[in-house]
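Open the model in a viewer and keep the selection panel at hand. The stops below say what to select and what is found there.

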Amino acid sequence: MAITSRTQVGIIGAGPAGLMLSQLLALRGIDSVLVENRTREYCEARQRAGMLEAGTVAALRAAGAGKRLDVEGLEHDGIYLQFRGERHHVNFRELVGRTVTVYAQTEIVKDLIAVRLAAGAAIEFSASSVAVSGITSDAPVLSYVDASGVAHEVTCDVIAGCDGFHGISRPLVPGLSVYERSYSYSWLGILADAPPSTEELIYSRHESGFALYSMRSPEVSRLYLQVPADERLEDWSDDRIWSELQKRFGLPGWSVSEGRITDKSITPMRSFVAGPMRHGRLFLAGDAAHIVPPCGAKGLNLAVGDAIVLASALSALLTEGSSALADAYSDTCLSRVWRATHFSYFMTSMMHVLPDDPFDDLIQLAQLRYVTGSTPAATSLAENYSGYESPRIEM
Ligand code: FAD
Ligand code: DHB
């Protein structure tokens, strides 16, 4: 026999979207139960994003999860674009009056979990058999088996599917339209105990492939290399990784500082948008509904944006009985998602190298010259990168 209970919002997934949503709902006096199938340790250690738009930083602060971010986050005025041995700075602060901040997704997840648990929130880590029923009724049910093997059935007003790309929520939306593009390359990402030799990120297009120089702190570097889509991690020794990075970033008198590699992984590249992001009383948010290729740093920012829009919509629905924002939720989010999908596609196709394609080579070069030489073109890049249409938290 399952233990039965009731909450207002059942949330699936303790990533940035689900945690932010549960925090924003709590600030509005709405209770939720959050169910996650991994352990807390796993969620807090999963290496992913690191670059936050100005609006995401403001949202985390407004949500009460900005204390450590304000101390440890690295505020950057812009990025460098490198090609053909030239390195150009694109200054967002000057161009659009906004900055961006490096602060790892692992730290955001830790901060949000800590804030939620300190407020006495219900987060069920290591849940199994997570399932949803009755999404077209007024009382959908979120069921799961907890870490100690006890079955639960939680009756909710609404369920939020924040369970990432491989979750159970998206397949529950009938008649979903899916728009997709896959790319012929992946990213090999490393984390290294090495003080970054650059103060701001470098996006480098080299004839051997794209490379991105990012960081996590003044002591830790985060670097990515374009590799073929079917590449095997075993084929990349630490020595091979460092020598490829030196080659792709190399400029006379400048080199990448090396150190112990502490994490190594390969991420495929995909654009994916599914809609509508709602069916009945089930709402999708974040990677559950859309994925962008990482070049341009939009995924986490989109997930936080969805959570902000959804929190306002659910608050109006559950406290005032007003369904207008909930009815507009999918369209509101998808408009921002498609803008970011275009920007990520634009950055990806400008920076990555296709083998034996001289046409593409010269088109990319023309585009790189344009965005580094023309103020209007640089302004457009700066506006998109630092956050176009970031939703604000209204309490
Ligand atoms: P997730 O973080 O995937 O969270 C979903 C959660 O749901 C997970 O904890 C998962 O365990 C849980 N879950 C799944 N299935 C179930 C189930 N059945 N039951 C219960 N729980 C379930 N974005 C940026 O904005 N900036 C960047 O710089 C950036 N860089 C990136 C670099 C890399 C290498 C990668 C891979 C991604 C990057 N991204 C970046 C994208 C970003 O990490 C994601 O978009 C973000 O994690 C999405 O958050 P989410 O909460 O929607 O999903
Ligand atoms: C990071 C990842 C990105 O995809 C990006 O465009 C910028 C930064 C990062 O992990 O730091």
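Start with ligand 1 and the residues around it: helix α8 gives the largest share of this shell, four residues. The model is a predicted one. Colour α1 (16-27) and α8 (299-320), each of which supplies at least two residues of the shell around ligand 1. The shell holds 33 residues, and the ones that come nearest are Glu36, Arg46, Gln105, Asp287 and Leu300. By class, the residues around ligand 1 are 15 nonpolar, eleven polar and seven charged.

Next, show the polar contacts of ligand 1. Select Glu36, where a polar side-chain atom lies 2.6 Å from an oxygen atom of ligand 1. Arg48 also places a polar side-chain atom 2.9 Å from an oxygen atom of the ligand. At Ala297 the partner is a polar backbone atom, 3.1 Å from an oxygen atom of ligand 1. On its own ligand 1 has 1000 Å² of accessible area, and the protein covers 90% of it.

Move to ligand 2. Which residues come nearest to it? Of the 16 residues around ligand 2, they are Tyr203, Ser214, Arg216, Tyr224 and Pro294. The side chain of Tyr203 has an N or O atom 2.6 Å from an oxygen atom of ligand 2. Ser214 brings a polar side-chain atom to 2.6 Å from an oxygen atom of the ligand. At Gly296, select the backbone: an N or O atom there lies 3.1 Å from an oxygen atom of ligand 2. Taken alone, ligand 2 exposes 290 Å², of which the protein buries 97%. To see where the shell comes from, colour β16 (209-215) and β17 (221-228), the elements that give two or more residues to it. The shell around ligand 2 is made of ten nonpolar, three polar and three charged residues.

Now select the aromatic side chains. One aromatic cluster is formed by Phe92, Trp187, Tyr203, Phe210, Tyr224, Phe343, Phe346 and Tyr385. Tyr203 and Tyr224 were already met among the residues that come nearest to ligand 2. The count of aromatic pairs comes to 13. Take Phe92 and Tyr385 as one example: the ring centres are 5.1 Å apart and the planes are at 40°, so the pair is tilted. Phe92 sits in helix α5 (residues 92-96) and Tyr385 in helix α11 (residues 375-387), so that the pair links parts of the chain 293 residues apart. Both Phe92 and Tyr385 are buried.

For an edge-to-face example, select Tyr179 and Trp338, whose ring centres are 5.7 Å apart with planes at 70°. Tyr179 is in strand β14 (residues 177-193) and Trp338 in helix α9 (residues 324-351), so this pair ties together parts 159 residues apart in sequence. Tyr179 is partly exposed, at a relative accessible area of 46%. Trp338 is partly exposed too, at 41%.

Two charges over rings come next. Lys298 lies over the face of Tyr385, 5.8 Å from the ring centre. The charged end of Arg87 sits over the ring of Trp254, 4.0 Å from its centre.

Finish at Ala65, in the loop between α3 (54-62) and α4 (67-72). Is Ala65 buried or exposed? Ala65 has a relative accessible area of 6%, which means that it is buried. Measure across to Ser255 in the viewer: the C-alpha atoms of Ala65 and Ser255 are separated by 36 Å, with their positions 190 residues apart along the chain.

Methods: Residues are numbered from 1 along each chain as its sequence is written. Chains are lettered from A and ligands numbered from 1 in the order in which they are written. This is a predicted model: local features need pLDDT of at least 70, side-chain atom pairs count only at pLDDT 80 or more; totals for chains, interfaces and linings use all residues. Side-chain values use heavy atoms; hydrogens and water are left out. A residue is near a molecule or strand if one of its heavy atoms lies within 4 Å of it. A polar contact is a pair of N or O atoms within 3.5 Å; within protein, one must be able to donate a hydrogen and the other to accept it, and residues adjacent in sequence count only if both atoms are side-chain atoms. Accessible areas come from the Shrake-Rupley method with a 1.4 Å probe; for residues, only the protein chains shown count as cover. Ala, Val, Leu, Ile, Met, Phe, Trp, Tyr, Cys and Pro count as nonpolar, Asp, Glu, Lys and Arg as charged, and the others, Gly among them, as polar. Rings of Phe, Tyr and Trp (its six-membered ring) pair if their centres lie within 6.5 Å; planes under 30 degrees apart count as stacked, over 60 as edge-to-face and the rest as tilted. Buried means under 20% relative accessible area, exposed over 50%, partly exposed in between (1.4 Å probe, protein chains only). A charge sits over a ring if NZ of Lys or CZ of Arg is within 6 Å of the ring centre and within 35 degrees of the ring normal.
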